[in-house]
Amino acid sequence: MAYKPTIGLEIHAELNTKSKMFCSCKNDPDEKKPNYNICPVCSAQPGTLPVANEEAIKKVVKTGLALNCKIAEDSKFDRKNYFYPDLPKGYQISQFDQPLCEGGYLEIPASPVGEKGRKIRITRIHLEEDTGSLLHPDGADYSLVNLNRAGVPLMELVTEPDITSGREARLFAEELQRIFRYLKVSSADMEKGEMRVEVNISISKGKKLGTKVEIKNLNSFKVVEKAVDFEIKRQEEVLEAGEKIIQETRGWNDKKEITFSQREKEEAHDYRYFPEPDLPPMHFDKDYIKEIKLSMLELPEQKRERFRKEYGLDDASVEFFVANKDLSEYYEKVVSEFEEWTVEEEKGEAHKKASKLVANYLISDVQGLLAGKAFVEEEFKITPENFAEFIKMIYKNEISSKVAKMVITNMFNTGSDPSNIVEENNWSQMSDDAELEKIIKEVIEKNSKPAEDYKAGKQNALQFLAGQVMSATRGTAKPDKVHEVLKKLLS
Ligand SMILES: [Zn+2]
């Protein structure tokens, strides 16, 4: 009987509010000057009082609604007491027994595409403040404290232990990041620490759960998957060897691709939680929640459905656009440019065909041209109007697919109008049949051997001759027309 892994996640996300959680200091994760965005409140001077940031509360409620949670009618902040140098007050304002959101779920998307997704239950989401950060200079016998991050609003989400593999853990975290970004509640950049994933993992054969191990400091989705899969295997080997799993916190060594013991679990921490006396309890009425609900933006799952229906895209293309939000917005701008020129034609079909063409060029050619760089519309030289015009030329057979590749490369580099590019280079699809026939005759004359070969029954020779014609016309001849004329002249 195989071991069954039981995995739960704890995910922290810094909210992208303008100011910090309990003071008016700027919330700027990119601030390089240490201790620049600080004030008496977030540096914990005596006599200061916190004031809760309503924007942050709304962002957590929004997230809770998106994740099908029950939003608390009554909620409050609590003090979590512990000592650490990055925590100036000696306690963290957090939420203990009345979190803002409880009991939701997130359906992890089907992957590979086409399979059924799976619901992962969410225990709770609460709001707290981030700590400062510590820097340990190499070789120094002191540490540096930077309080820029102290008091930044931090959302903590805890799942039920429903996850069973590294892949599922990664898919869950990826979809959650998309939701954060779609809702614009957090930039959720894992490398910058704006989103942090911790894993709780145990394995067992029976109903009784095994000893739980915690893995921290996982700074990318790939690492989440690798660390979970490594840990499942490690625990299996320990148990198979007749040894016991130690309850501990482990870290991830990226070079060796292994988890390693950081510290064994001491006695459970007693944080001596008590209600924060300096902040009033919160009460949410239905209208308040309703208003937040109305302000919510489209979610990844809604986008999947809409893109399938509206544009008739296949699942892989839909998934590509859901994951690349900025590019998907650009895509929709291009497609909306079609409205005019598809009016005369049978609208539905023409529109869908053109929409698919746009998707194909954005997913293959544009991705190739971007060469791994992220798409940023302000830096992208091709305007949606020009992109739509380009697609129109392909759709109406004005340029060949070979020429299209040259045109889009040119547009990408220069931002020029596609019709100008085609005109300047004389790239438009050859429509002059007499001219084409003349060129083909010349090609046959110059290549008498392959021409004879074809007449003698060698089919490959025709391919060669067609290639010669295409290069003589610089790709502007229609391939099927070339074949047709070649066959006629050689018969
Ligand atoms: Zn402050």
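A charge sits over a ring when NZ of Lys or CZ of Arg is within 6 Å of the ring centre and within 35 degrees of the ring normal. Keep that in mind for the opening stop, and remember throughout that this is a predicted model.

**Stop 1: lysines over rings**

Select Y3 and K205. K205 lies over the face of Y3, at 4.7 Å from the ring centre. Now move to Y182 and K325. Here K325 is placed over the face of Y182, and the distance to the ring centre is 5.5 Å.

**Stop 2: the zinc ion**

Next, select the zinc ion and show the side chains around it. Which atoms of the protein are its donors? They are the SG atoms of C23, C25, C39 and C42, lying 2.3 Å from the zinc ion. Along the chain, these donors follow the spacing C-x1-C-x13-C-x2-C. Turn the view and look at the angles: the 4 donor atoms subtend 100 to 116° around the zinc ion, which makes the arrangement tetrahedral. To count as tetrahedral, all angles of four donors must lie between 85 and 135 degrees. Are C23 and C25 buried or exposed? Both C23 and C25 are buried.

**Stop 3: helix α3**

Select residues 221-240 to light up helix α3. At 1.5 Å a residue, its 20 residues should span 28 Å, and the end C-alpha atoms are 29 Å apart, which agrees.

Now colour the buried residues of α3: F221, V223, V224, A227, V228, E231, I232, R234, Q235 and V238. What do they pack against? Add β1 (4-14), α2 (166-183), β11 (195-204), β12 (213-218), β13 (248-253) and β14 (258-264) to your selection, and you will have the partners of these buried residues in view. Before leaving, click on G242, which follows α3 and has a positive phi, near 80°.

**Stop 4: two strands beside the helix list**

Select S202, which you will find in strand β11. S202 has a relative accessible area of 5%, so it is buried. Show its contacts beyond four places in sequence: K4, P5, T6, G210, T211, K212 and Q235. K4 is 198 residues away from S202 along the chain, yet their C-alpha atoms are separated by 8.4 Å. Q235 may look familiar, as one of the buried residues of α3.

Then go to F260, in strand β14. With a relative accessible area of 33%, F260 is partly exposed. Leaving out residues up to four places away in sequence, F260 touches T249, R250, G251, W252 and N253. Draw a distance from F260 to E231, and the C-alpha atoms turn out to be 9.6 Å apart, with their positions 29 residues apart along the chain.

**Stop 5: aromatic rings**

How many aromatic pairs does a search of the whole structure find? The search finds 19. One of them is formed by Y82 and Y271: the pair is edge-to-face, 5.9 Å centre to centre, with 70° between the planes. Y82 lies in the loop between β4 (78-81) and β5 (91-94), and Y271 in the loop between β14 and β15 (274-275), so the pair ties together parts that are 189 residues apart in sequence. Y82 counts as partly exposed, at 23% relative accessibility. Y271 is partly exposed too, at 23%.

Now select F284 and Y288, an aromatic pair that is tilted, with 5.8 Å centre to centre and 40° between the planes. In this pair, F284 is buried, with a relative accessible area of 7%, while Y288 counts as partly exposed at 25%.

To finish with the rings, select Y330, Y361, F375, F380, F387, F390 and F412 together. Ring pairs link these residues into a cluster.

**Stop 6: two positive phi values**

Most residues other than glycine have a negative phi. With that in mind, select R272, where phi is positive, near 45°. R272 is in the loop between β14 and β15, and it is exposed, with a relative accessible area of 53%.

Your last selection is A371, another residue other than glycine with a positive phi, near 50°. Where does A371 sit? Look in the loop between α9 (347-370) and α10 (384-395). At 62% relative accessibility, A371 counts as exposed.

Key: Residues are numbered from 1 along each chain as its sequence is written. Side-chain values use heavy atoms; hydrogens and water are left out. Helices (H or I, at least four residues) and strands (E, at least two) are DSSP runs, numbered from the N terminus. The expected span of a helix is 1.5 Å times one less than its number of residues. Buried means under 20% relative accessible area, exposed over 50%, partly exposed in between (1.4 Å probe, protein chains only). Contact means heavy atoms within 4.5 Å. Donors are N, O and S atoms within 2.8 Å of the metal (3.2 Å for Na, K and Ca); water is not among the atoms, so sites may look incomplete. Four donors count as tetrahedral if all angles lie between 85 and 135 degrees; four count as square planar and six as octahedral if opposite donors are over 155 degrees apart and all others between 65 and 115; anything else is irregular. Rings of Phe, Tyr and Trp (its six-membered ring) pair if their centres lie within 6.5 Å; planes under 30 degrees apart count as stacked, over 60 as edge-to-face and the rest as tilted.
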